[in-house]
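Trainee: Could we go through a protein model together? I would like to learn how its labels are earned.

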Amino acid sequence: MRLPCARRRREFRDPGATGREAGMTTGGATSLVRRPDASNRATLLELLFDVVFVAAIALVSMTIAEGESWATTGHALLLFMAIWWTWSVTAITTDFYDPEQRPLQAILMVTAFGAVGTAATVPRAVDGHPLLFALAYVTPHVIRGIILVGILHRHRHKAQERATRFFFWFSVSGILWIIGALLPNQPHWPLWAAALTIEYVATAARYPTPFLGRVPLDQYEKVTEHLGERYQQFVILALGDIILVPTLKISSSDFALSRLGGFLIAFVTMLLLWQLYVYRSGSILEMTKRRRGRAARLAPYTHLVTLVGVVLVAAGADRVVHQPTGTTPLHAVVLMLGGPVLFITGRTLFTYLVQEGPSARRLVWIPVLGAMMPFAPAWPPLLVAGAAVAVLAGVVVTDLVVARSRRRRDPEAQAEAEHSRPGPGL
């Protein structure tokens, strides 16, 4: 009876041996790599992981809103870029490897704990106490590299090269993060900016590593729909911060009519940005199926622009609820009007680069927001936020009019309508 059972176990493992990379071996390392027939749905642990990072985004938004200075905004956004990069690299890791496996679950848990640490220490890092943030940021990257490289090396798995490239470059940038945090006073920002530059440029250059070279382009073509779903879920959760941040503010304030008006504007803004993000996401999914490698390489950068827009909009909503009347400082004006500009730009840029064609209809609304900048400081914050909502509504209405016009011209109107519905996609 033992022989048939052993044969069944071997037969169960064999499909994994025909996975993404040539030269896979049987054993633990093979099962660590995502199988071609694996589910593309995010695991519950991945969703919990996202919630932790969304909380970090909320703290960045509140830090910007309460700082009320350009230096605080710049420093907080630099920390946000680090937080986003942790999420982005982890998302590509759980797309290439199987998140149901214990080593990947351990990586997700450690990274989530690191995200809690980075979120909790964002205000202190901005105020000049950077070591805790640096340790919380660097540690998950180091642990991920040790786990993956160790397991794959032990089983002599070809995917070891991929993990080693990631580990090498995060080790290089990690040195700058720690050195910057240990320096006296506050000269650490240039070193931290250099560390982030290394990470972003190394990723764009496909991690060129001594003796290993770059990540082959064909590996990017092996990403699955799971990665597109992860990006979409994260952006939708992040949009919730636009109403979460003013909710925390208004809960500790009096419910004046003007504050309630600012809260309502924040809620409408969130819904409009959601509509802008999901519009024709089904057609984007079709594009990413044909150009998976291109979409996977561009998504971290274009979505960074989109999410910085979300962070600024949430910070602006906080300011509106805190002080809805009176004049509006220029810093607050930039938050309220610049946030929508970045959101529209990031969303349009991704579509344009992946589609390899013009898709700039929404960009014509950006000059409208820009034209308000010189006059908005004399307006009350409630009016500035309301004007931004009016522009966003104009973008959404334009999308709907264009979609209706296309359906009238297109005999396959139902198929086009399907493309306009929300769906998983980068």
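What follows is a friendly talk about this predicted model.

Trainee: Why is Leu 363 called partly exposed?

Mentor: Let us set the value against the cut-offs. Buried means under 20% relative accessible area and exposed means over 50%, with partly exposed in between. Leu 363 has 31% relative accessibility, so it counts as partly exposed.

Trainee: Where is Leu 363 placed?

Mentor: Look in the loop between helix 15 (330-355) and helix 16 (366-372).

Trainee: Which residues is Leu 363 in contact with, leaving aside its neighbours within four places in sequence?

Mentor: They are Ile 344, Thr 345 and Thr 348. Contact means heavy atoms within 4.5 Å, so each of these partners meets that cut-off. As for Thr 345, it sits 18 residues from Leu 363 along the chain, and their C-alpha atoms are separated by 7.0 Å.

Trainee: Which residues have the most contacts inside the largest nonpolar core?

Mentor: Trp 84, Trp 177 and Trp 192 do, in a core of 103 residues. Helix 14 gives the most to this core, with 14 residues.

Trainee: What makes Trp 84 a buried residue?

Mentor: Membership of the core settles that. A nonpolar core is a set of buried residues, so Trp 84, being part of the largest one, is buried. Beyond four places in sequence, Trp 84 touches Tyr 200, Tyr 231, Phe 234, Pro 300, His 303, Leu 304 and Leu 307. There is also a second, separate core of 12 residues, with Phe 96, Leu 152, Ala 159 and Ala 163 among them.

Trainee: How many residues of the lining of the second largest pocket are nonpolar, polar and charged?

Mentor: The lining divides into 14 nonpolar, 2 polar and 2 charged residues. The pocket holds about 230 Å³ of space. Of its 18 lining residues, the closest to the centre are Ile 92, Thr 203, Tyr 220, Ala 296 and Pro 300. Ile, Tyr, Ala and Pro count as nonpolar, so Ile 92, Tyr 220, Ala 296 and Pro 300 belong to the nonpolar group.

Trainee: Which helix supplies the largest share of that lining?

Mentor: Helix 14 does, with 5 residues.

Trainee: How do you know which parts to read with care?

Mentor: Where pLDDT is low, the predicted coordinates should not be read in detail. The chain averages a pLDDT of 83, and 84% of the residues score at least 70. However, pLDDT stays under 50 over residues 1-27. It is also below 50 over residues 416-424.

Technical notes:
Residues are numbered from 1 along each chain as its sequence is written. This is a predicted model: local features need pLDDT of at least 70, side-chain atom pairs count only at pLDDT 80 or more; totals for chains, interfaces and linings use all residues. Side-chain values use heavy atoms; hydrogens and water are left out. On a 1 Å grid over the protein atoms alone, a cavity is a set of points where a 1.4 Å probe fits but cannot get out, and a pocket is an open set with protein on both sides within 12 Å along at least five of seven lines; lining residues have an atom within 4 Å of a point. Grid points are joined across faces, edges and corners, and a volume is the space filled by probe spheres set on the points. Helices (H or I, at least four residues) and strands (E, at least two) are DSSP runs, numbered from the N terminus. pLDDT is the predictor's confidence in each residue, from 0 to 100. Buried means under 20% relative accessible area, exposed over 50%, partly exposed in between (1.4 Å probe, protein chains only). A nonpolar core is a set of buried Ala, Val, Leu, Ile, Met, Phe, Trp, Tyr and Cys residues joined through side-chain atoms within 4.5 Å.
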